[in-house]
Amino acid sequence: MRNFLSKCWGKRRELGFVSLPLFFLALVFLDYAIRLVYRFLGVTRLLSWKPMVFTLCWALLLTALVSLLPKLGRRIAMGALGLLFALLAVAHGVMYNVFGHFFSFSDMNFAGDGAEFFDWAYLRLPKKYYFLIAVFLGLVALAICLCQRPRPWSRPWLRPVLSAGLAVLAAVPIGALSAYLTPEPIKLTWVTPYQASNEKEVYRIFTDANSSLKLTGLYQYTARNLAISLGLGTDRRSVKELDQFYEARAQEISGSNDRTGALKDKNLIMVMLESIDAWMITPEYMPNLYRLQQNSLELTRFYTPLFLPAATFNTEMITQTGVIPPASGVANGIYATNQYPLSLAHLFTQRGYSADSFHAWPPKIYNRGNVHLNLGFSHFYHADDLGITDFMQDSQLMKGYELFAPQQSQPFFSFLITYSGHGGYDEGAMDRAAGDHLEEGIALARKAGIQDTPENMGEYERLVAHILETDQFIGEMMDRLESDGMLEDTVLLFYADHYSKYVTDKEFLARLKGLDSSQSVDLYRTPCFFYGGGLEAGQVDKVCSSIDLVPTLVNLFDLDADRRYYIGDDIFGGKGGAVMFPNNGWYDGETYYDGQGGDPDPDRTAALSRRVTASMDTMRTDYFKHWEKAKK
C-alpha cells in the first residue's frame, strides 16, 4: 500500500492538469448539494437553467482567476475559497435550522451580540449535509495536492491571456442573466405587486433568502446578497413616496371604539417574556403566569413574526415603535440614531409619565444602552444598576421593583425584558438560568411522560427548569403589586419575544405545541394578555400580532399619535385581522400563505407586502426625521 501511495504521489506532476478541472467540479458540486438538500424550498426547480448558468459561470470565473496565480498562490486561493464556501454552507444550514431561512450578510449586524447566545446544538444539521460538505472539501484538498507549477509554454503570454479570456467569457453570462432578471430602469410604485412565483420579483427584491438562493445558486447569491446587505442597488422608496403611502393609509386604519381611552392615565408595566411559548403556560410549569392568564384579557390568536435573526431585538423594536425593522440595507447603528417620535416611550413621556426600561443583560448587547434612550426611555437599567449578581436569573429582577413599580404621584411606563427562558438548553453554563429550579424542572419534565431522543429530552428537561425561574419572578412581582395596592391603577401586558425557537429539533417542538408540522403557522403563535388596570377578563379571538400592539396601546391609553403611521392596527378596532410575515407571507385566520408560490390571493399579498416594505423603508430613510421637519 505504501508503495502504491508513493507511486501516486510521484505522479502528481503527470496528473497536475486535473487540478483546475477538479476545483471547478468541486464548486459546482457544493452548489448542487445545498440546493439538493433544501430542494423543498422556493419555487425554482432543482435543475432549472438559471441557477445552473449562474453556478457554472461562477465556477468557471473563479477557476480562471485562480489559474492566473503561481503555484503557491493557487494553492492558497483554492484553500481559502474552499474554506469560505464550506463555512457559508454551514452558516446557511445553521440559520435555516434556527430561524427557518438561509444566512444573509445583513445578519452580521447582530453577529457580535448573537455570539453571546451561541449553542453547539445549533450545529445539529442533517448528516447528509455534512457528508456533502466533506466531499466538497475533499475534492478541494485533492485539487490542491495535484496543483503543480504549470509547464512552460512556447509563448508565455498565451496562458494568462487564455485564463483571462475564460474569466471574461464566464462573467458575461452572469451579467446578462442578472440584467434579464432585473430589467432597468424600474419605476417603483405602491401598486408594484410582489409575486413569490415570479422569479424576476424574487431576484429584484432579494429579501427572501430561501427563494433567492434556490434561484441563483450559492455564488451569485453570495455576491448579490453582500451588495444588497450593504445597501447597494436596493429598491428604496423616497420620503415623498412614503408621504403618499401614509396619506392613503389613513383610510385603512380603525377609528375610535368602545375601548378608546379605557386605560387613560393608568400605569403600564410591559413585560416581554424571553422564549415563553404558549404551550409552556400550564399549572405545572408556570403556575403564576397561568393564574394571571386565566384571569386576564387574553388575545388567543396572537402571533409573533420574525423579520430579523436577532429575534428578541426584532420584537423589541416592533412593540416599542410600531415600525418593522428592515432585513437588509441598513447598519446596526440606525437604531440608536433614527428618530422615533411615535414610539411608546416618547408618547407616554409627552403625557407626563416617567418611562424606563429594564433588562439584566449589559447595555452593549444590541446597543440597548443607546437604543432605549433614543426610543425615549429616561434610563435603561441593567444588572449593574440593579445590583443583580446573576443576569440569567429572572427572580433577581425584583431588586429593581421600586424602580419599575415606583410609588409616586406621576404615572409610569416600565418596559421589562426577562431572560431565564433563553436557550440553549444543553447541560452547562446555561443551567444558571434555572436558578434553584434545575432538579425540580427535570423532575416535572420527566413526570409529563413525553418521550423522544436523549438530545431532545435533555433540552426539554432544562427548558422546564428555565421557565420555572421566570415564573418565580412573575409570582414575586404580582405579590408585591397586590400587597402595595397598585393593581387597580396599573395594567400589565405580558407577551413573548418569539416562540421557543431554541428547541433545536423543530419537529419535536411542533409536537410540544400540538401541531401536525413544524411548517404550521401556529408555530408562531405566542401568548399575549392584559392583566389589571380595571380591565374585565375575557378572550379576544381576532387574529393579531406583535405589529398591532403599539397602535392598540395608543388607543387604550388615548395617546396623542396619528395611527396611520403604524403598520399594524388597533386589535380592538374593526379593521386589521391579518398577520404579516417575512417574505410576503400572511395569515388571516383561515388562509396561511408562506410566500413560497401558489399565492391564494395575489391582491392581498401585494397590499400586505406594500405595508411591510413601507415600514422597512420608513426606518431605512429615517422618515420621521423628515416628517418632523415637515411638521415644523
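A residue is called buried when its relative accessible area is under 20%. The exercises below apply this term, among others, to a predicted model.

**Exercise 1. Determine which residues of α22 are buried, and what follows for the helix.**

Step 1. Helix α22 spans residues 549–556. Its buried residues are Leu549, Val550, Pro551, Thr552, Leu553, Val554, Asn555 and Leu556.

Step 2. Eight of the eight residues of α22 are therefore buried, so the helix is largely enclosed by the rest of the structure.

Step 3. Just after α22, the backbone of Asp558 adopts a positive phi of about 55 degrees.

**Exercise 2. Establish how strand β7 is covered and with which strands it pairs.**

Step 1. Consider the two faces of β7 in turn. On one side Thr490, Leu492, Phe494 and Ala496 are buried, and on the other Val491, Leu493 and Tyr495 are buried, so that both faces are covered.

Step 2. With seven of its seven residues (490–496) buried, β7 is largely enclosed by the rest of the structure.

Step 3. Turn to the pairing. Strands of a sheet pair through backbone hydrogen bonds, either parallel or antiparallel. Strand β1 (residues 267–273) runs parallel to β7 and is joined to it by seven bridges; here Met272 stands opposite Tyr495.

Step 4. Strand β8 (residues 528–532) pairs with β7 in the antiparallel sense, over five bridges. Phe530 in β8 is the bridge partner of Leu493.

**Exercise 3. Describe the sheet that contains β12 and identify its edge strands.**

Step 1. The sheet is open and has three strands, in the order β11-β12-β13, with antiparallel pairing.

Step 2. Its edge strands are β11 (579–580) and β13 (592–593), each of which pairs on one side only.

Step 3. Strand β12 (residues 586–587) is joined to β13 by two bridges, and Tyr587 stands opposite Tyr592 in β13.

**Exercise 4. Classify the ring pair Tyr303 and Tyr587, and state where its members lie.**

Step 1. A pair of aromatic rings is described by the distance of the centres and the angle of the planes. The model holds 38 aromatic pairs under the 6.5 Å limit on centre distance.

Step 2. The ring centres of Tyr303 and Tyr587 are 5.5 Å apart and the planes stand at 65 degrees; planes over 60 degrees apart count as edge-to-face, so this pair is edge-to-face.

Step 3. Tyr303 belongs to strand β3 (residues 302–303) and Tyr587 to strand β12, so the pair links distant parts of the chain, 284 residues apart.

Step 4. Tyr303 is buried at 0% relative accessibility, and Tyr587 is buried at 9%.

Step 5. Ring pairs also place both residues in a cluster with Tyr499, Tyr524, Phe581 and Tyr592.

**Exercise 5. Apply the treatment to Tyr565 and Phe624.**

Step 1. The centres of these two rings are 6.1 Å apart and their planes are at 70 degrees, so the pair is edge-to-face.

Step 2. Tyr565 lies in the loop between α22 and β11, whereas Phe624 lies in helix α24 (residues 623–631); the pair therefore ties together parts that are 59 residues apart in sequence.

Step 3. Tyr565 has a relative accessible area of 10% and is buried; Phe624, at 4%, is buried.

**Exercise 6. Find which arginines lie over the faces of Phe391 and Trp586.**

Step 1. Over the face of Phe391 lies Arg432, at 5.5 Å from the ring centre.

Step 2. Over the face of Trp586 lies Arg604, at 5.4 Å from the ring centre.

Definitions and conventions
Residues numbered from 1 in each chain as written. Predicted model: local features only at pLDDT ≥ 70, side-chain atom pairs only at ≥ 80, totals over all residues. Heavy atoms only, no water. Buried < 20%, exposed > 50% of the residue type's maximum accessible area, 1.4 Å probe, protein only. Helix = DSSP H or I, 4+ residues; strand = E, 2+ residues; numbered from the N terminus. Pairing = 2+ DSSP bridges. Phe/Tyr/Trp six-rings, centres within 6.5 Å; stacked < 30°, edge-to-face > 60°. Lys NZ or Arg CZ within 6 Å of the ring centre and 35° of its normal.
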